[in-house]
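Work through the exercises below with the sequence and the 3D view at hand. Try each task before you read its solution.

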Amino acid sequence: MGKFVVEGKNPLLGEIKVQGAKNAVLPILAATILADGECVLHNVPDLRDVSKTELVLRRLGCPVKREGHDLTVKPAELCSCRICEDLMREMRSSIIFLGAVISKCREASVSMPGGCPIGLRPIDLHLKGLRDLGVEISEEHGYINCRAKKLVGCEIHLDFPSVGATENIILAAVYAEGRTTVQNAAREPEIIDLASFLNKMGARITGAGTGTIYIEGVKEPLHGTEYTIMPDRIAAATYLAAAAATDGELLLTGTEPKHMGAMLHVLNEMGMKLKVFGDTIHIKHGKRLSGVHMLRTMPYPGFPTDIQSPFMAVAALAEGTSVFTENIFENRFQHVDELIRMGADIKVAGRSAVIRGVKNLYGANVVARELRGGAALVIAALAAEGRSEIGGIEYIDRGYEAFEKQLSSCGGIIRRE
């Protein structure tokens, strides 16, 4: 899949338009199969995960057409209710089709999901929620087989505010009889985007973005609609981190700053100068960055696990000591050994990492083992002295559109080989 070659010590200076949100568009694409009519989506990022999701739709029998950042899905009677094993192994988020296909067909079959190896991400909460709605579930030869004579609204309490489980329950409950209440629901902005899309198609969902979501089942088929995907808050924060690490100055456009409170707070605490106006964020370096006393990843509105590793690359160059505690995924420190190869001073004990800032990182040959850790290595390479080569960039392509082109447009010296 190639590699990135980076020449470091060049501050990022310029403007970047933020892509549409990967974590919003994937469940929305799954939701299109519930429509009785054409759906047109705008601001759809060109990512590996989106391309794989398009392939899932086609294999289910839904034609998909892309023109730039616009995607048209023409739902039809599904020709299949099975999500192929090869796609599930490549992209864990394919599990989001489970709720949608059950809602559409009253049956579904999927293999156990794969994806980035960042730790255990059990789907027990997904399956428990579906069982509560009346779905009979069995596991056979690595496949999860689901059937439901009918779906009946109920009260569901999630033991953990899982984003995927919340989304699957919403999708399955749209056509259920009566009301479904999801307590301890995930509050992420991407949940609001999914609910807004479904409501625009005729669903009746309230409470998205809070800990309790209500879904009133509808009898009439949802209709097609046109919708614009929200900005990607994780991609935006990654570019802000790259500016911070390289002593740069960036203007991000097409953002939604109110979704990024925890991340902007940390950058401000580290000494970056931030100005927010409308859908833009301006970041500029000041004196040498300061370390973060304690950073803990938490469900929204806490600090996102997805941006922990890019911010660790920044902390590696900050003055003083930072402590990062990972509360979501137990294997999300896979980038640490590679940062150490570049001269970072990081010690890991269990779910915590202690980062003692160094004045310089140095170019090295490193390998990305997952999406966000790969972005962290690119940030470190941009800030390092000398040349770096970063392998495993197929992971990075899952979540960042034209990553090297965006960075090059702002003065970063990075190319794909």
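**Exercise 1. Aromatic groups**

Task: Find which residues form one aromatic cluster with Tyr239.

Solution: Keep in mind that this is a predicted model. Look at Tyr400 and Phe403: together with Tyr239 they make up one aromatic cluster.

**Exercise 2. Edge-to-face pairs**

Task: Classify the pair Phe197 and Tyr227, and say which parts the pair ties together.

Solution:
1. Start with the total: the structure holds 4 aromatic pairs.
2. Take the ring centres of Phe197 and Tyr227, which are 5.6 Å apart. Pairing needs centres within 6.5 Å.
3. Take the planes. They stand at 70°, so the pair is edge-to-face; the cut-off for that class is over 60 degrees.
4. Place the residues. Phe197 is in helix α7 and Tyr227 in strand β14 (residues 226-228), so the pair ties together parts 30 residues apart in sequence.
5. Check burial. Phe197 has 0% relative accessibility and counts as buried. Tyr227, with a relative accessible area of 11%, is buried.
6. Now try Phe303 and Phe311. Their centres are 5.3 Å apart with 70° between the planes, and this pair is edge-to-face. Both Phe303 and Phe311 are buried.

**Exercise 3. Helix α7**

Task: Test the length of helix α7 against its expected span.

Solution:
1. Helix α7 covers residues 189-200, which makes 12 residues.
2. At 1.5 Å a residue, the helix should span 16 Å.
3. The end C-alpha atoms are 17 Å apart, which agrees.
4. Look at the buried residues of α7, among them Ile191, Leu194 and Leu198.
5. Step just past the helix. There Gly202 takes a positive phi of about 115°.

**Exercise 4. An open sheet**

Task: Give the strand order of the 4-strand open sheet, then name its edge strands.

Solution:
1. The order is β10-β11-β13-β12, with mixed pairing.
2. β10 (155-157) and β12 (204-206) are the edges, since each pairs on one side only.
3. The twist from one strand to the next averages 15°.
4. β10 and β11 (residues 179-183) run parallel, joined by 3 bridges. His157 stands opposite Gln183 in β11.
5. Helix α6 (residues 163-173) lies across β10, β11, β12 and β13, at about 20° to β13 (212-216).

**Exercise 5. Ser103**

Task: Is Ser103 buried or exposed?

Solution:
1. Locate Ser103 in helix α4 (residues 97-105).
2. Its relative accessibility is 2%, so Ser103 counts as buried. The cut-off is under 20%.
3. List contacts beyond four places in sequence: Ser103 touches Leu34, Leu151, Leu171, Ala172 and Tyr175.

Notes:
Residues are numbered from 1 along each chain as its sequence is written. This is a predicted model: local features need pLDDT of at least 70, side-chain atom pairs count only at pLDDT 80 or more; totals for chains, interfaces and linings use all residues. Side-chain values use heavy atoms; hydrogens and water are left out. Two strands pair if DSSP finds at least two bridges between them. Helices (H or I, at least four residues) and strands (E, at least two) are DSSP runs, numbered from the N terminus. Axes are lines fitted to C-alpha atoms, for helices over the stretch in contact, and angles run from 0 to 180 degrees between N-to-C directions. Contact means heavy atoms within 4.5 Å. Buried means under 20% relative accessible area, exposed over 50%, partly exposed in between (1.4 Å probe, protein chains only). The expected span of a helix is 1.5 Å times one less than its number of residues. Rings of Phe, Tyr and Trp (its six-membered ring) pair if their centres lie within 6.5 Å; planes under 30 degrees apart count as stacked, over 60 as edge-to-face and the rest as tilted.
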